[in-house]
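Please look over the model below. My notes follow it, in numbered points.

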Amino acid sequence: MAGKPVLHYFDGRGRMEPVRWLLAAAGVEFEEKFLKTRDDLARLRNDGSLMFQQVPMVEIDGMKLVQTKAILNYIASKYNLYGKDIKERAIIDMYVEGVADLELMVLYLPHMPSGEKDAALATIKEKARNRYFPAYEKVLKSHGQDYLVSNRLSRADISLVELLYHVEELDPSVLANFPQLKALKARVSNLPTVKKFLQPGSQRKPFDDEKCVESVKKIFS
């Protein structure tokens, strides 16, 4: 029997958080080995574990996978969260890439210079309310189904709900005018695997605070 996937990253959200969400939604237990110092990163680089000298890296099924998209694609394919054919996968990819565009802005926000944060936050709120959330609201309203693609849970639903949680932390009223997104968030959040992941004490990470930001600087600077 294969062991649990092992996630190598710092103790924060970053680019690994979508991997945590997807594994948790699939009901897959995983372990984490946190980088705490520059030496921890150097060891992974020196032993050949990091193809491009960077994390995140996930040990799974005898592989050491790097590059977030590759990791997520593999997990989604393995656990039937990636559509039934290439057309559905293309649509799922399109939705996921839209999520990633906004998620990256949210991801980098706590790591930005303090003088740039207010403008960046305003941009996140504006794009969420006027570009990205209306697009997903329209998709859900147009077909009236429970999930984004073919009325079946996919990685697109999971990544979008993750984003909804993250943006709500910054803009609590952001979903007020998006009833379809509110319903999707509730629906996915009540799936037993996701519900467990949302409980206190899980491997879900909080918004990167100042302590996390300083830790990241020590590792990567």
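The points below cover the annotated domains, one helix pair and one histidine.

1. This is a predicted model: local features need pLDDT of at least 70, side-chain atom pairs count only at pLDDT 80 or more, and totals for chains, interfaces and linings use all residues. Residues are numbered from 1 along each chain as its sequence is written, and side-chain values use heavy atoms, with hydrogens and water left out.

2. UniProt (unreviewed entry) annotates residues 3-83 as "domain: GST N-terminal". That span is 36% helix and 20% strand, with its end C-alpha atoms 26 Å apart. Helices are DSSP runs of H or I, at least four residues; strands are runs of E, at least two.

3. The same kind of record (unreviewed entry) gives "domain: GST C-terminal" for residues 85-207. Here the chain is 70% helix and 0% strand, and the end C-alpha atoms are 35 Å apart. Such annotations may be inferred rather than shown by experiment.

4. Helix H1 (residues 17-25) and helix H3 (residues 68-78) have axes, fitted to C-alpha atoms over the stretch in contact, that come within 10 Å and cross at roughly 5°. H1 is therefore roughly parallel to H3 (angles under 35 degrees). The contact (heavy atoms within 4.5 Å) involves Pro-18, Val-19, Leu-22 and Leu-23 of H1, and Thr-68, Ile-71, Leu-72, Ile-75 and Ala-76 of H3.

5. His-166 sits in helix H6 (residues 155-170). Its relative accessibility is 1%, so His-166 counts as buried (under 20% relative accessible area, 1.4 Å probe, protein chains only). Beyond four places in sequence, His-166 touches Arg-13, Glu-17, Trp-21, Glu-103 and Val-106.

How values were computed. Axes are lines fitted to C-alpha atoms, for helices over the stretch in contact, and angles run from 0 to 180 degrees between N-to-C directions. Angles under 35 degrees count as roughly parallel, over 145 as roughly antiparallel, 65 to 115 as roughly perpendicular and the rest as oblique. Buried means under 20% relative accessible area, exposed over 50%, partly exposed in between (1.4 Å probe, protein chains only).
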